[in-house]
Amino acid sequence: MADATVICPICKSIAKPLDKTSDADGFDCSRHDKFKVADSVFVNAPTQNASREQWEAALTRAKTKAKLGEWPCIRTHDF
């Protein structure tokens with residue numbers, strides 16, 4: 001998986017995948033650093049069409065809740 005790439009859900013740029021943790025996919029984006037997105041975000045209708053601004057705000061909220069040393073995890077209630 002070292003050479004694999006994914007698309008950052010926030011800025012749509014190429015990112016590196018991080019190991020999946022429980023119910024979340026991890027992204028390592030050059031613009032947004034390392035973060036996770038809960039699987040429910042990708043299947044929940046209101047969040048599927050979220051704007052970049054909404055994604056940015058959700059990441060900001062997730063960062064405020066992340067424990068020291070943990071990657072922030074965007075969940076549906078962060079939108």
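Student: Is Lys-65 buried, partly exposed or exposed?

Tutor: This is a predicted model, so read each value as computed from it. Partly exposed covers the range between under 20% and over 50% relative accessible area. Lys-65 has 47% relative accessibility, so Lys-65 counts as partly exposed.

Student: Which residue forms a salt bridge with Lys-65?

Tutor: Look for a side-chain nitrogen of Lys or Arg within 4 Å of a carboxyl oxygen of Asp or Glu. Here the partner is Asp-78. The closest N and O atoms are 2.2 Å apart.

Student: Where in the chain do Asp-78 and Lys-65 sit?

Tutor: They lie in distant parts of the chain, 13 residues apart. Lys-65 belongs to helix H3 (residues 52-65). Asp-78 is in the segment after S5.

Student: Is Asp-78 buried or exposed?

Tutor: The cut-off for buried is under 20%. Asp-78 has a relative accessible area of 1%, so Asp-78 is buried. Its partner Lys-65, again, is partly exposed.

Student: How many salt bridges does a search of the whole structure find?

Tutor: The search finds 5.

Student: Which residues do salt bridges that share partners join into one network?

Tutor: Lys-20, Asp-25 and Asp-39. Take the contacts one by one. The side chains of Lys-20 and Asp-25 meet at 3.2 Å, N to O. Lys-20 and Asp-39 meet at 2.9 Å, N to O. That second pair also links distant parts of the chain, 19 residues apart. Lys-20 lies in strand S2 (residues 14-21), and Asp-39 in helix H1 (residues 39-43).

Student: What are the relative accessible areas of these residues?

Tutor: Lys-20 has 47%. Asp-25 has 26%. Asp-39 has 28%. Each value falls between the two cut-offs, so Lys-20, Asp-25 and Asp-39 are partly exposed.

Student: Now the sheet. What is the order of its strands?

Tutor: Start with the general idea. Strands of a sheet pair through backbone hydrogen bonds, either parallel or antiparallel. In this model, an open sheet of 5 strands runs S1-S2-S3-S4-S5, with mixed pairing. The edge strands are S1 (6-7) and S5 (73-74), and each pairs on one side only.

Student: How many bridges join strand S3 to strand S4?

Tutor: Count 6. S3 covers residues 24-29 and S4 covers residues 33-38. The two strands run antiparallel.

Student: Which residue in S4 is the bridge partner of Gly-26?

Tutor: Lys-36. Find Gly-26, then look across to Lys-36 in S4.

Notes: Residues are numbered from 1 along each chain as its sequence is written. This is a predicted model: local features need pLDDT of at least 70, side-chain atom pairs count only at pLDDT 80 or more; totals for chains, interfaces and linings use all residues. Side-chain values use heavy atoms; hydrogens and water are left out. Two strands pair if DSSP finds at least two bridges between them. Helices (H or I, at least four residues) and strands (E, at least two) are DSSP runs, numbered from the N terminus. Buried means under 20% relative accessible area, exposed over 50%, partly exposed in between (1.4 Å probe, protein chains only).
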